[in-house]
Amino acid sequence: MSIIKHNKDNLLSTRLLVDSLNDHTYRESVEVISGATIGEHVRHILEFYVCLFRGTGDQVCYDDRERNHRIENDRNFALTVIDNLIVKLQEVKQDRSLSLKADYSFNGSDALMLSTSLYRELAYCLEHSVHHQALIKVAIRFVSENPLIGKDFGVAPSTIRHQKG
C-alpha cells in the first residue's frame, strides 16, 4: 500500500462518520473535548490537507490555513471537501521536494523554513488526522449511547498492530 492509499482510506473513514451523523451532533459543543464540536475537529483535519494541496509552488504552511467555518457547520460541504481531497490524492503520481514554513513561537516572530517532501507531509496529515479522530471518538461516545464508529477509528495503525500481537 502507498501513503496515498492510507490517506485515502483515512479520509474515507472520516467521510463515513460525517455522513452518519445528524446536523445537531456534528455541530454540538462537547464539554469533554473543551467545548469544541465534532465539526471543528473535522474542519481541522481537512484544512491541513487543503493547505498541503493549495501550497504555493513548493511551499506549504499549515499556519496559514483558512479556518473555513462552513466545513465545521455544514456536513454536506465537509463531504464535498473530503471528496475533492480524495481526487487530489489520486492525482499524486510521485513524491517531490517541498519547504515547510512554520512558526512555533507564541508571538509569531520565529518563522522557519524546513526541508520536507510531499510524501512526508502526507504522512504528517495522516498522523494528524488519526489524532483528531481519537478526539472525535471521545466526543461521540460522550454525546451518544450508540456510537456510529468502529473500534479502530482514531487509533494509530501501530497501536492496532501492537494490540493484535
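In the predicted model, Ile86 is a buried residue, since its relative accessible area of 8% falls under the 20% that marks the limit for burial. This isoleucine is found in helix α5, which comprises residues 75-91. When residues up to four places away in sequence are set aside, Ile86 touches Lys8, Leu11 and Leu12. Helix α1 covers residues 3-20, and the contacts of Ile86 with Lys8, Leu11 and Leu12 therefore join α5 to α1, given that contact here means heavy atoms within 4.5 Å. With respect to Ser29, which is 57 residues away from Ile86 along the chain, the separation between the two C-alpha atoms is 28 Å.

The setting of this residue can be described at the level of the whole chain. The secondary structure consists of seven helices and three strands, and the order of these elements, read from the N terminus, is α-α-α-β-α-α-β-β-α-α. The radius of gyration is 16 Å, close to the 15 Å that the globule rule gives for 165 residues, so the chain is as compact as a globular protein of that length. The C-alpha trace spans about 45 × 40 × 30 Å along its principal axes.

Burial, contacts and exposed surface were also computed for the chain. Of its 165 residues, 42% count as buried, and Ile86 is one of the buried residues. Among the contacts with a separation of 6 or more, 64% are made by residues that lie 24 or more positions apart. The area exposed by the chain comes to about 9400 Å², of which carbon and sulfur atoms supply 50%.

The largest pocket of the model holds about 390 Å³ of space. Its lining is made up of 18 residues, and those that lie nearest the centre of the pocket are His6, Asn10, Leu126, Val130 and Pro157. Two or more lining residues are given by each of the elements α1 (3-20), α6 (118-143) and α7 (157-164), and the greatest contribution is that of α6, which gives five residues. In terms of chemical character, the lining residues divide into nine that are nonpolar, six that are polar and three that are charged. Helix α1 thus appears in two parts of this description, as an element that gives residues to the lining of the largest pocket and, through Lys8, Leu11 and Leu12, as the location of residues that Ile86 touches.

Terms used
Residues are numbered from 1 along each chain as its sequence is written. This is a predicted model: local features need pLDDT of at least 70, side-chain atom pairs count only at pLDDT 80 or more; totals for chains, interfaces and linings use all residues. Side-chain values use heavy atoms; hydrogens and water are left out. On a 1 Å grid over the protein atoms alone, a cavity is a set of points where a 1.4 Å probe fits but cannot get out, and a pocket is an open set with protein on both sides within 12 Å along at least five of seven lines; lining residues have an atom within 4 Å of a point. Grid points are joined across faces, edges and corners, and a volume is the space filled by probe spheres set on the points. Helices (H or I, at least four residues) and strands (E, at least two) are DSSP runs, numbered from the N terminus. Ala, Val, Leu, Ile, Met, Phe, Trp, Tyr, Cys and Pro count as nonpolar, Asp, Glu, Lys and Arg as charged, and the others, Gly among them, as polar. The radius of gyration is taken over C-alpha atoms; the globule rule is 2.2 Å times the number of residues to the power 0.38. Buried means under 20% relative accessible area, exposed over 50%, partly exposed in between (1.4 Å probe, protein chains only). Accessible areas come from the Shrake-Rupley method with a 1.4 Å probe; for residues, only the protein chains shown count as cover.
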